[in-house]
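Biologist: I would like a close look at a single part of this model, set in the context of the whole chain. Please take it in one connected account.

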Amino acid sequence: MMIFPEIQTLSIVFNCLFFYVPELTKAGVNLKALEDRIRAEGKILPGPVLKVSSFLNHQMDADFIMELGAELARRYADAGVTKILTIESSGIAVAVACGAALHVPVLFAKKHLTSNVSGDLYQTIVHSYTHGTDYTVIVEREYLEANDRVLIVDDFLANGRAIEGLLDLIRQAGAEAVGAGIVIEKGFQEGGSKLREDGLSVESLAVIERMDADGIEFRGSC
Ligand code: G4P
């Protein structure tokens with residue numbers, strides 16, 4: 001009879017492990033931690049736009065971002081990636097984290113022609129619904145080559161116009177896009193589904209199904 005409390009304890013431990021372990025990936029990042037942080041620290045602004053400036057978009061949690069980048073790298077470890085491409089500015093941190101894990105260079109499309117940009121350029125126009133603007137992005141031709149296998153990395157995916165712009169730059173270079181690794185996808189906006197329908201591999205670490213005054217709901221979470 002005395003064994004029952006022990007069995008009960010074992011059963012609780014087993015249940016904890018059973019429900020906890022699947023959230024840990026081989027790279028060690030706890031994707032539930034990402035959802036928890038989005039819920040705890042995210043602010044929902046009109047749009048709706050999710051402000052996660054405490055760890056991703058303004059102030060950056062470097063350790064956490066390194067883990068997120070490593071997880072994206074793990075998902076594309078067998079894709080023969082030779083280059084990461086992102087767009088300034090908030091995608092750069094996670095792109096560098098991913099590039100460090102894959103040991104490949106990280107190139108970012110620039111939104112401003114600065115004095116240190118020279119040589120021939122690839123350029124395209126991006127219309128941002130989120131920001132309500134059109135802008136030109138450029139990369140120097142010498143850094144994007146026809147034999148590159150390019151992984152796009154960005155912090156957010158909403159309507160997907162930024163990624164479509166990056167795909168256009170990759171096309172212009174004659175390179176190949178192997179996929180897009182995203183930290184937060186707003187699944188209620190069309191970008192992710194449209195890119196997947198077009199045949200692009202899209203891996204998002206957190207997909208938001210709904211966000212409003214009642215809170216944030218993630219795809220695949222209970
Ligand atoms: P869009 O077509 O609706 O504009 O969406 P897209 O997926 O192309 O994203 C455009 C830009 O807006 C991206 O910034 C993206 O990171 C940002 N964005 C979209 N939705 C949200 C949101 O809910 N929260 C936050 N924080 N950002 C969002 P970007 O072009 O990479 O530039 P930057 O804003 O990082 O400088």
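How many helices and strands are there in the protein chain? And within that chain, what does the unit made by β3, α4 and β4 look like?

Modeller: The model is predicted. The protein chain has six helices and 10 strands. It holds 222 residues, of which 36% count as buried. Among its contacts between residues at least 6 apart in sequence, 60% join residues at least 24 apart.

The part you ask about is a right-handed β-α-β unit, made by β3, helix α4 and β4. Strand β3 covers residues 83–87, helix α4 covers residues 92–102, and strand β4 covers residues 106–109. The two strands run parallel and are joined by four bridges. One pairing in detail: Leu85 has Leu107 of β4 as its bridge partner.

In a regular strand the side chains alternate between the two faces of the sheet. In β4, Val106 and Phe108 point one way, while Leu107 and Ala109 point the other way. All four of these residues are buried, so by the criterion of 20 or more other C-beta atoms within 10 Å, β4 is buried on either side.

The two loops of the unit each carry a backbone feature. In the loop between β3 and α4 lies Ser89, which is joined to Glu88 by a cis peptide bond with omega about 10°. In the loop between α4 and β4 is His103. Phi of His103 is near 60°, a positive value in a residue other than glycine. His103 counts as exposed because it has 8 C-beta neighbours inside 10 Å, whereas the residues of β4 that come after this loop are buried.

The ligand is the remaining point to place. A shell of 22 residues surrounds the ligand, and Ser90 is among the closest, together with Ala158, Asn159, Arg161 and Ala162. By class, the shell has eight nonpolar, nine polar and five charged residues. Strands β2 and β7 and helix α5 each supply at least two of its residues, and the largest share, four residues, comes from β7.

Helix α5 runs over residues 161–173 and reaches 19 Å from its first C-alpha to its last, close to the 18 Å expected. Its buried residues include Ala162, which is also among the closest to the ligand. After α5 comes Gly174, with a positive phi near 75°.

A cis peptide bond also links Gly47 to Pro48, with omega near -5°; Pro48 sits in the loop between β1 and β2.

Terms used. Residues numbered from 1 in each chain as written. Predicted model: local features only at pLDDT ≥ 70, side-chain atom pairs only at ≥ 80, totals over all residues. Expected span 1.5 Å × (residues − 1). Buried ≥ 20, exposed ≤ 12 C-beta atoms within 10 Å, placed from the backbone. Contact = placed C-beta atoms within 7 Å. Pairing = 2+ DSSP bridges. Right-handed = clockwise from strand over helix to strand, strands pointing away. Near = placed C-beta within 6 Å. Nonpolar A, V, L, I, M, F, W, Y, C, P; charged D, E, K, R; others polar.
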